[in-house]
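Hello,

Here is the structure I promised to pass on to you. Please have a look at it first, and then read my notes below.

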Amino acid sequence: MSTPAEPSAVAGDETSPAATPSPSGSRRLVAWTGVLAALVLAADQLTKWWAESALTPNAEPIPLVGDLLGLRLIYNPGAALSIASGYTWILTIVVTVVVIFIVRAIGRLGSRGWAVALGLLLGGAVGNLIDRLAREPGFARGHVVDFIDYAGFFVGNVADIAVVAAAVLIALLSLRGIGLDGKRHTDDEAAETSVDDVADDAPGEPSGKTAPNPAGEQGDPA
């Protein structure tokens, strides 16, 4: 004799393990995000310390890969490409808000891709934020240590590399419709649209069309 199916085994049940990330899985993603952010931060700060001890500020670049890549130590008061050099304190506030937003978003993680992206972004943002808070000429006005010269176009650091990689990964995840929770939201929206279409065509429901009147086709008697 067959037994009735348990409610949790019914297809489409939102409480089933396949539909909702487990708490242990979410905690694991949060932990890995924190570890990745810590590794990026450590690499950024250690390479900046090395650059300050081994390179002369504003000297000629030391070639690494011909003219394409070199080493040149500068102190950047602005953002990438030295943009907004006179507004260092505003950039500090912006980066602080970004860090807070990332930390809050990590709690909703359900995707390994987003865990990597947020780990890279958090580590890079904190790496440059430390420079702005702790370096000369003062608190919230510190200059960021840059030492990787890209063919003379701009000079960056490890934190910048992490931020750019995170931005590319976030763009790819967004194009695929994958949210922080790991769900493909474009598929969910398509499913909702299909349900609405079925409901519109269901018997007994108004379809928005007016049925022809058989009596009207014969005309009113004179």
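A word on terms before the sheet: two strands count as paired if DSSP finds at least two bridges between them. Helices (H or I, at least four residues) and strands (E, at least two) are DSSP runs, numbered from the N terminus. This is a predicted model, in which local features need pLDDT of at least 70 and side-chain atom pairs count only at pLDDT 80 or more, while totals for chains, interfaces and linings use all residues. Residues are numbered from 1 along each chain as its sequence is written, and side-chain values use heavy atoms, with hydrogens and water left out.

**Overall**

The protein chain has six helices and four strands, arranged along the sequence as α-β-β-α-α-β-β-α-α-α. Of its 222 residues, 29% count as buried; buried means under 20% relative accessible area, exposed over 50%, and partly exposed in between (1.4 Å probe, protein chains only). Contact here means heavy atoms within 4.5 Å. Among the contacts in the chain with a separation of 6 or more, 59% are between residues 24 or more positions apart.

**The sheet**

The four strands make an open, antiparallel sheet in the order β1-β2-β3-β4. β1 (62-65) and β4 (154-156) are at the edges with a single partner strand each, so one side of each has no neighbour in the sheet. From one strand to the next, the twist averages 45 degrees. Axes are lines fitted to C-alpha atoms, for helices over the stretch in contact, and angles run from 0 to 180 degrees between N-to-C directions.

β1 and β2 pair over three antiparallel bridges, and valine 65 has leucine 69 in β2 as its bridge partner. These two strands form a hairpin with three residues between them, and glycine 66 in the turn has a positive phi of about 55 degrees.

β2 (residues 69-76) also pairs with β3 (residues 144-150), in the antiparallel sense and over six bridges. Within β3, aspartate 149 is opposite glycine 70, and isoleucine 148 is opposite leucine 71. Helix α4 packs on the sheet, where it touches β3 and β4, and its direction makes about 75 degrees with that of β3.

**The cores**

Which residues have the most contacts inside the largest nonpolar core? They are Ile102, Ile106, Leu109, Trp114, Leu118, Leu122 and Leu180, in a core of 21 residues. A nonpolar core is a set of buried Ala, Val, Leu, Ile, Met, Phe, Trp, Tyr and Cys residues joined through side-chain atoms within 4.5 Å. At least two residues of this core come from each of α1 (23-54), α2 (88-106), α3 and α4 (158-175). The most come from α3, which gives eight.

Leucine 109 is a good place to start looking: leaving aside neighbours within four places in sequence, leucine 109 contacts Ser26, Leu29, Thr33, Trp114, Ala115, Leu118 and Leu180. Apart from the largest core lies another, of seven residues, including Ala51, Leu73, Val145 and Phe147.

**Helix α3 and threonine 92**

The 23 residues of α3 (residues 112-134) should span 33 Å at 1.5 Å a residue, and the end C-alpha atoms are 33 Å apart, which agrees. The expected span is 1.5 Å times one less than the number of residues. At the N-terminal end of α3, serine 111 acts as a cap, with a side-chain oxygen 3.3 Å from the backbone nitrogen of glycine 113.

Threonine 92, in α2, is buried at a relative accessible area of 4%. A polar atom of its side chain lies 2.9 Å from the backbone oxygen of alanine 140. Not counting residues up to four places away in sequence, threonine 92 touches Leu129, Arg132, Leu133 and Ala140.

**Backbone details to check**

- The peptide bond from glutamate 136 to proline 137 is cis, with omega near 10 degrees; proline 137 is in the loop between α3 and β3.
- Asparagine 58, in the loop between α1 and β1, has a positive phi near 60 degrees and is exposed, at 61% relative accessible area.
- Alanine 151, in the loop between β3 and β4, has a positive phi near 55 degrees and is partly exposed, at 33% relative accessibility.

Best wishes

Terms used: A polar contact is a pair of N or O atoms within 3.5 Å; within protein, one must be able to donate a hydrogen and the other to accept it, and residues adjacent in sequence count only if both atoms are side-chain atoms.
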